[in-house]
Amino acid sequence: SHDLQTVSNETVRALAGSCRQMESINFQACTALSDAAFQAPSRSEFFGGGLKKLTLTSCMLLSGASIEAIARNCPALEKINLGQTDVS
């Protein structure tokens, strides 16, 4: 099995750029993720803009900057889980 704590910012950006039909993704307990993971240059490079559900529970390094970038690049987003984070 893969240790979720080792999922890196680079992994997220690679998935976001290549998985453009993705509608739901769960990064729960991916504790190494920081704001850099979600800084996509354009909507098309962030899951094609079609992401509907995103789970970021226990991703403690994220701040409001990540949420701002996600909101800008995910117009179809219906649900985001930020439980056990410091994002307000």
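Strand E2, made up of residues 53–55, pairs with E3 in the parallel sense over three bridges. That pairing belongs to an open sheet of three strands, which this briefing walks through before turning to the cysteines. Please keep in mind that the model is predicted.

**The sheet**

- Reading across the open sheet, the three strands come in the order E1-E2-E3, and their pairing is parallel.
- Strand E1 (24–26) and strand E3 (79–81) are the edge strands, each pairing on one side only.
- From one strand to the next, the twist averages 0°.
- Which residue of E3 does Thr 55 stand opposite? The residue facing Thr 55 is Asn 81.
- As general background, strands of a sheet pair through backbone hydrogen bonds, in either a parallel or an antiparallel way.

**The cysteines**

- How many disulfides does a search of the whole structure find? The search comes back with zero.
- Cys 19 takes part in no disulfide, and the nearest cysteine sulfur belongs to Cys 74, 13 Å away.
- Cys 19 is also partly exposed, as its relative accessible area is 23%.
- Cys 59 is likewise in no disulfide. For Cys 59, the nearest cysteine sulfur is that of Cys 30, at 5.5 Å, while a disulfide calls for two cysteine sulfur atoms within 2.5 Å.
- Is Cys 59 buried or exposed? Cys 59 is buried, with a relative accessible area of 0%.
- For readers new to the term, a disulfide is a covalent bond that joins the sulfur atoms of two cysteines.

How values were computed:
Residues are numbered from 1 along each chain as its sequence is written. This is a predicted model: local features need pLDDT of at least 70, side-chain atom pairs count only at pLDDT 80 or more; totals for chains, interfaces and linings use all residues. Side-chain values use heavy atoms; hydrogens and water are left out. Two strands pair if DSSP finds at least two bridges between them. Helices (H or I, at least four residues) and strands (E, at least two) are DSSP runs, numbered from the N terminus. Axes are lines fitted to C-alpha atoms, for helices over the stretch in contact, and angles run from 0 to 180 degrees between N-to-C directions. Buried means under 20% relative accessible area, exposed over 50%, partly exposed in between (1.4 Å probe, protein chains only).
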